[in-house]
Amino acid sequence: LFQTEKARQASEARYYTVLLSIGDGTIMTDAEGRVELLNPVAEKLTGWSLDEARGKPLEEVFHIINEETRQPVENPARQVAREGVVVGLANHTLLIAKDGREAPIADSGAPIFDAGGALTGVVLVFRDQSEERAAQNALLASEERYKSLFRNNHAVMLVIDPATGAIVDANPAACAYYGWSHAALCRMRISEISVLPAEEITAALERARREESYHFLSKQRRADGSIRHVEIFSGPIQMQGKTLLYSIYHDITDRVQAEEQVRLNESRLQSLVRISQYDAEDAQQLLDYALYEALSLTGSTFGYIYHYDEERQIFILNSWSEGVMEECAIIEPKTMYELDKTGIWGEAVRQRKPIIVNDFQAEHPHKKGYPEGHVDLDRYMTVPVFKGSQIVAVVGVANKATDYTQTDVLQLSLLTDSVW
């Protein structure tokens, strides 16, 4: 229980650090809608310092109105608290700062639940859209003015033919961002960049063509193969008698990853709570359950736990998952392996660090082939468990649907360190 409490405190500290470092404005409230935290960006946009805002009703600090009617807008945090779901602001929302400054914003609110599922607060993430709004207004003013702003704007912009999905034009910022030349981009279709299914791309293009302004989230591929999360603002523009779409792209990968890190921290904390409350008959059964939680936390299909005797350099199999963990099925063959006879899975001990292989079928100098009857692996990760300076166990997981990352290493390491 001491280890669980220590892990909880560490998780909360990381949670607050993530919120404070997000590049967008972030406000956290308690369940009654009183402000608990503002990050530096939120302080700048609202004009309130954290000390001034702490404990005040959110509506007093985060004052929003409709840009066209000038009437108050329901605070999204109230809707989140009422419905318990993620919500976003309507279009044409203005934030009124403490000193009277006005700024168009886009935001989303998400609920915070405790391990028991009770609402404990709301996180509001918002961003100043002044630059994007200025760019949009300028683009709509005239084609000549549009061309000047399009070429010189630091925001990533594309012009797309909604009928075919062809990229008609790309500004220099887009070329730099995606990594293709202007000529190459203008030979491509948006489907060669977007990773959305074809039918979703077609639907998004049609909706943007029909509406004055359309905002949505997507993931896009760059020339170097990297996948980035983007927020897209798109709308129709008339050019030479033809309706095209201008689109402004805002990279939100850091924000998405930060939010995912928060979610994983909460998931790991809940795993530790479940493990601490698990009614195990012995240590073996507890470790079997811990393996199940490790699979769930990393999204893996297969996994194992080996005890390791560093003096004798011997692995002793403790738990091995079977199938896809239907009903937490675990088999327990007490098999021993010598370190010098192991392949890639022994590298976590030999190198004394986590090992990730995201293409297990490719050639690898440390692979020694499969034992007879071994399950086929696509992706694989193994993490050593330290007690002091000695390795006392290794935990391996495999066949996650997407690549393993250092985030998976961190979450699995923190989970197993807490269990041990």
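Okay, let's start with the sheet: five strands, open, in the order 9-8-12-11-10, and the pairing is antiparallel. Keep in mind that this is a predicted model. Strand 9 and strand 10 sit at the edges, so to speak, each pairing on one side only. Going from one strand to the next, the twist averages 35°.

Let's zoom in on one pair. Strand 8 and strand 9 run antiparallel, with three bridges joining them. If you want a spot to look at, find I160, which stands opposite I167 in strand 9.

Now, what packs around here? The largest nonpolar core has 23 residues. L158, Y178, L185, I190, I193 and Y249 have the most contacts inside it. Several elements give two or more residues to this core, including strand 8 (156–160), strand 12 (242–251) and helix 10 (198–210). There's also another core lying apart from that one, with 20 residues, among them L58, V61, I64 and L95.

Back to L158 for a second. Leaving aside neighbours within four places in sequence, its contacts include F150, I167, Y178, I190 and Y249.

Last topic: cysteines. How many disulfides does the structure hold? Zero. A disulfide is a covalent bond between the sulfur atoms of two cysteines. So why isn't C175 bonded to C186? The closest cysteine sulfur to that of C175 is the one in C186, and at 7.2 Å it's too far for a bond; the cut-off is within 2.5 Å. As for their surroundings, C175 is buried, with a relative accessible area of 15%, while C186 counts as partly exposed, because its relative accessibility is 27%.

Note on methods. Residues are numbered from 1 along each chain as its sequence is written. This is a predicted model: local features need pLDDT of at least 70, side-chain atom pairs count only at pLDDT 80 or more; totals for chains, interfaces and linings use all residues. Side-chain values use heavy atoms; hydrogens and water are left out. A nonpolar core is a set of buried Ala, Val, Leu, Ile, Met, Phe, Trp, Tyr and Cys residues joined through side-chain atoms within 4.5 Å. Buried means under 20% relative accessible area, exposed over 50%, partly exposed in between (1.4 Å probe, protein chains only). Helices (H or I, at least four residues) and strands (E, at least two) are DSSP runs, numbered from the N terminus. Contact means heavy atoms within 4.5 Å. Two strands pair if DSSP finds at least two bridges between them. Axes are lines fitted to C-alpha atoms, for helices over the stretch in contact, and angles run from 0 to 180 degrees between N-to-C directions.
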